[in-house]
Amino acid sequence: MGFVVGPAVSAATKDTQADIGRHLTSSAHRFFRPVGAATILLGIAAGIHYGPLTSVEAFLGTLYGRTFLVALALALATWLYGENVTSKRAGEISKSAPEERPIAVRKTVQAVLVEQVGFFAVFVCMMLLRIHM
């Protein structure tokens, strides 16, 4: 999303950037908050149900368990970063003065890129979990 929306918003007029920022912020909160939480909860359930995690010792004593915990920590960190950093930066687009909007857009795009790195890291952990099974 950041690779498409970011450049498009950056190229828009400053008034349009404010409108887009306002709409993106409200839409993103309604969508990403429950979807992110559900994805993490379903990941926990799937990892425990389909994986070899049958005891507390399995979480720390096996490669699968440690990879699972790293994936969970990365997923939670990425979700919290989106909730606390990216969403605030997106909200600043519409609240900033017109001459400061390009900077607010750039900061928001940077925050989205950090989230995408987090998603990629979680995805790599998921592939490793599949290999470890």
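Select R33 first: at 40% relative accessibility this residue counts as partly exposed, a class that covers the range between buried (under 20% relative accessible area) and exposed (over 50%), computed with a 1.4 Å probe and with protein chains only. The model on screen is predicted, so local features need pLDDT of at least 70 and side-chain atom pairs count only at pLDDT 80 or more, while totals for chains, interfaces and linings use all residues. Residues are numbered from 1 along each chain as its sequence is written, and side-chain values use heavy atoms, with hydrogens and water left out.

**The salt bridge**

Keep R33 selected and add E83, because the side chains of these two residues meet in a salt bridge with an N to O distance of 2.7 Å, the term being defined as a side-chain nitrogen of Lys or Arg within 4 Å of a carboxyl oxygen of Asp or Glu. By this rule the count comes to one salt bridge. The pair links distant parts of the chain, with R33 in helix α2 (residues 14-50) and E83 in helix α4 (residues 63-95), 50 residues apart; helices here are DSSP runs of H or I with at least four residues, numbered from the N terminus.

Is E83 buried or exposed? At 17% relative accessibility, E83 counts as buried, whereas R33 is partly exposed. If neighbours within four places in sequence are left aside, E83 is in contact with H29 and R33, where contact means heavy atoms within 4.5 Å.

**Two glycines in helices α4 and α2**

Move next to G82, which lies in helix α4 and counts as buried at 14% relative accessibility. Not counting residues up to four places away in sequence, G82 touches S87 and E115. For a sense of scale, draw a distance from G82 to I48: these residues are 34 apart along the chain, and their C-alpha atoms are separated by 25 Å.

Then select G21, whose place is in helix α2 and which is buried, with a relative accessible area of 1%. Which residues does G21 contact once neighbours within four places in sequence are left aside? They are A90 and I93. A second distance can be drawn from G21 to T54, which lie 33 residues apart in sequence and 45 Å apart in space, C-alpha to C-alpha.

**The nonpolar core around F68**

Now select L53, A58, Y64, F68 and L129 together, since these five residues make up the largest nonpolar core, a core being a set of buried Ala, Val, Leu, Ile, Met, Phe, Trp, Tyr and Cys residues joined through side-chain atoms within 4.5 Å. As general background, nonpolar side chains in soluble globular proteins tend to be buried together.

Within this selection, centre the view on F68, which is placed in helix α4 and counts as buried at 7% relative accessibility. Beyond its neighbours within four places in sequence, F68 is in contact with G43, I44, G47, I48, L53, F59 and L129. The C-alpha atoms of F68 and L53 are separated by 9.3 Å, with their positions 15 residues apart along the chain.

L72 can be added from helix α4; this residue is partly exposed, with a relative accessible area of 22%. Not counting residues up to four places away in sequence, L72 touches I40 and I44, and its C-alpha atom lies 14 Å from that of G51, a residue 21 places away in sequence.

**An aromatic pair**

Rings of Phe, Tyr and Trp (its six-membered ring) pair if their centres lie within 6.5 Å, with planes under 30 degrees apart counted as stacked, over 60 as edge-to-face and the rest as tilted. By this rule the count comes to two aromatic pairs. One of them is F31 with F32, whose ring centres are 5.0 Å apart and whose planes stand at 80°, so the pair is edge-to-face. F31 counts as partly exposed at 47% relative accessibility, and F32 counts as partly exposed at 41%.

**A nonpolar surface patch**

Finish by selecting F120, F123, M126 and M127, which make a nonpolar surface patch of about 440 Å². Patches are made of residues with over 30% relative accessible area and no salt bridge, with like charges joined within 9 Å and nonpolar side chains (Val, Leu, Ile, Met, Phe, Trp, Tyr) within 5 Å; the accessible areas come from the Shrake-Rupley method with a 1.4 Å probe, and for residues only the protein chains shown count as cover. Of this patch, M127 is found in helix α5 (residues 101-132) and is partly exposed, with a relative accessible area of 39%.
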